[in-house]
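User: I would like to go through the terms used for this model and see what each one rests on. Please set each value against its cut-off.

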Amino acid sequence: MHDPPADGSATDDGSIGREVGGRRKASNEETCPLLSRLIFRTVQPTDIPRCHSIESSSYPPDEAASKSDFQYRQHHAASYFRCAFLIDEPGATFGDAGGYGHLLSVTGCIVGYICSTRCNSFTARSLKHHDPNGRYLAIHSVAVDEKYRNLGVGSAMLKDYWDAMERWNQGVVEGLKNKNKSGSAAMVGRGGSAAGKKSAVPMEKIVLMAKKDLLAFYVRNGFAVTKVSEIVHGKDEWFELERRFSVQPLGNQSKACYLIDAFVDPSEKEGRSGNPAGVVLLSGPPGAEDEEQKVKQLSAVSSVESLENIHDTNEQGTQIKITARGSEWMSSVAKELNQSETAFVWPLSTVVTQQHQHGQTLSNGNVFPRIHHKDENASPNSSSLIYAIRYYTRTGVEVDLCGHATLASASVLLNYAQNIKDQEQQDQDEVNSNRITFCAKNDVLYAELLPTNSTSTSAAGTSAANISAQSANTRIAMNFPWKNVSPVSPGKDGRDAILDILSRAFFGAGAATAINPVVASEESSSVIAAKFRQFFNPKDPHLAHHVLYIGITDGKEDLFLELTEEGFDLLRGINVNHSALCQWAGYSRGVIICCCCGLSSSDISGEKTSTTNEQTCVDFRSRFFGPKVGIDEDPVTGSAHCALGPYFGSKLNKTVVVGKQESERGGLVECTLQPEEGRVGIIGTAAMTMSGTLSVPL
């Protein structure tokens, strides 16, 4: 950042102006007639030398912006670059400060200016790049020529600037309301923007930084001090301030949304593998009852110590609270997008990674996660962006955790930050754009952007090259909670009941009855009957010799079935009766069916798939069914690998295992095990298939 948002030496402490007779007139005009000769307009290209001259004389060399910075802002953010023009003729007045044709014959000079750009986060990096759809308007400079300070010019400029931005914002919000009433929505292709260079997205607030001696000046001009800034600029300490627009866009603004394929197999063509997820980016908790509540939510998390209290628990402390209206809205949007899961994400704050980079244990028992693939060149004082995240299925049901939707969300947020970094070609500084922290309902999750050509090696020396294939996709390492698998007790309510629902789901009848398939299948009834006889022992139907283990994951979340590889293949190609899987009440979410690669009891001619070249480095195979949460068969389930990874890592004595989920689309998931910390690293590749805007009012 080349210049601060408003240095004390460049402003004054004059009074706020008021409207008089169609032109801008200050309340202390009688004592300062100069203010009656001020007109306000946007800065033109020919004004840049004069503005830069004021900048250079107002700020120290290490804080002043360059002329090229001014040219960039005037070109890309002209509407937000306004100046105060002092006319030479004392008696001249103008009713329209926005028109310029009548100024051609007027003589005078620019005596001050306000320069801003839009952004989505108040960081040093984001202030270098103008985002035309950014929700914040960040003031870089409020500068007054030295000869005209302490005369009320700075306050008059702020008054004009606020009025101009407020009018603009109100117009955009009203336009969006009319657009929502007509039911229209804009969708654009990969990486596009519906708004274009001229934004049609309203702003939430104006933000700026100031030194301590100027805080009173900005407070008198309507701004509120929020905190000591984390941005380091020059030698002095800075404070952040904000002023929120009276018309807020939260209920009706167009929200950025994406469709992302998560855990794709890089060896497959785009769109043919991975689990599609919706991602909706929000500016704050949906459905906040008032702006004060939203501000508290956004500023609640400022250090690693407060992370322990952000979950939706009954403990005292800062919590992420979502109103019933907000939950209903997210549920309805998830139904509209009709993906297996849709993630809703909004920013919280930042934490210093130096405090948690070694897997610090929080007081509530959670271990702040650590990723094996760290950037050793990152600054120890760099910060990780923190976002709240919530997950909803296509039926509108909220779930506590979803791996592929987390991967999709991380790819959107980290890719965006990385694109800015690449455009600016600068080193990492205050905020590490390669890392992000998610605060889910019951867990703290961590994600890191990995180089596309990086590889990880298992304990046996097998390289996961098929996951690390060079591509234009995004490779993300996440850190999830470890989940153990406990055995299900034998008997009619345990193992016997589970074998019965397995038989009904895949073979159309109970394990103890004759074969009578009741569901349609690509295979004939005789083939299914043959598979049944192979899978179950004909003499004792409850003795399924292909079922090696029946367990339940922590919290009785998922039913866990390990089969022989031959048994796993016997279940392929059958149209599953998913309702039958709901008939056992011992689990709350889904059914995991899995097997170890290369451990089948015998090869099945024509059906064996685990020895193909694309699976040479796969350690286990799996399928996931979630009928209790509205998912028949999930294409790829990242959260299931919180249990699959530890289970097969222990079985195979490996610290890194690779799984292939064999749904119709399929996908690859790499698991790095961290048993001492109770965490599982989940690594996968994501590919964006669509981006656009969502116009669904709250």
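Analyst: The answers below take burial, disulfides, cores, a helix side, contacts and cavities in turn.

Analyst: This is a predicted model, in which local features need pLDDT of at least 70 and side-chain atom pairs count only at pLDDT 80 or more, while totals for chains, interfaces and linings use all residues. Residues are numbered from 1 along each chain as its sequence is written, and side-chain values use heavy atoms, with hydrogens and water left out.

User: How many helices and strands are there in the chain?

Analyst: The chain has 12 helices and 27 strands. Helices (H or I, at least four residues) and strands (E, at least two) are DSSP runs, numbered from the N terminus.

User: Why is Ser155 called buried?

Analyst: Buried means under 20% relative accessible area, exposed over 50% and partly exposed in between (1.4 Å probe, protein chains only). Ser155 has a relative accessible area of 0%, so it counts as buried. Its place is in helix H3 (residues 153-181). Of the 698 residues of the chain, 58% count as buried.

User: How do you know that Cys595 is in no disulfide?

Analyst: A disulfide is a pair of cysteine sulfur atoms within 2.5 Å. By this rule the count comes to zero disulfides. For Cys595, the nearest cysteine sulfur is that of Cys597, 5.8 Å away. For Cys642, the nearest is that of Cys671, at 8.1 Å, and Cys642 is likewise in no disulfide. Cys642 has 0% relative accessibility and therefore counts as buried.

User: What makes a set of residues a nonpolar core?

Analyst: The set must consist of buried Ala, Val, Leu, Ile, Met, Phe, Trp, Tyr and Cys residues joined through side-chain atoms within 4.5 Å. The largest such core has 55 residues, and those with the most contacts inside it are Tyr391, Ile436, Phe438 and Phe560. Helix H7 (residues 403-424) gives the largest share of this core, seven residues. Another core, of 36 residues, lies apart from it, and Leu38, Phe40, Ile114 and Ala156 are among its members.

User: Why are the buried residues of H1 said to be on the same side?

Analyst: In helix H1 (residues 48-58), the buried residues are Ile48, Cys51, His52, Ile54, Glu55 and Ser58. They cover an arc of only 155 degrees around the axis, so they are on the same side of H1. The arc is that of the directions from the helix axis to the C-beta atoms. What covers these residues includes helix H2 (67-76), strand S5 (108-119) and strand S6 (136-144).

User: Which residues does Ala505 touch, not counting those up to four places away in sequence?

Analyst: Contact means heavy atoms within 4.5 Å. By that rule Ala505 touches Asn575, Val576, Asn577, Ala580 and Leu581. The C-alpha atoms of Ala505 and Val576 are 5.5 Å apart, with their positions 71 residues apart along the chain. Ala505 is in helix H8 (residues 495-507) and is buried, because its relative accessible area is 0%.

User: What makes an empty space a cavity?

Analyst: On a 1 Å grid over the protein atoms alone, a cavity is a set of points where a 1.4 Å probe fits but cannot get out. Grid points are joined across faces, edges and corners, and the volume is the space filled by probe spheres set on the points. By this rule there are six cavities of 30 Å³ or more. The largest cavity has a volume of about 80 Å³. Its lining residues, which have an atom within 4 Å of a point, include Glu341, Cys402, Arg589, Phe624 and Asp634.

Definitions and conventions:
On a 1 Å grid over the protein atoms alone, a cavity is a set of points where a 1.4 Å probe fits but cannot get out, and a pocket is an open set with protein on both sides within 12 Å along at least five of seven lines; lining residues have an atom within 4 Å of a point.
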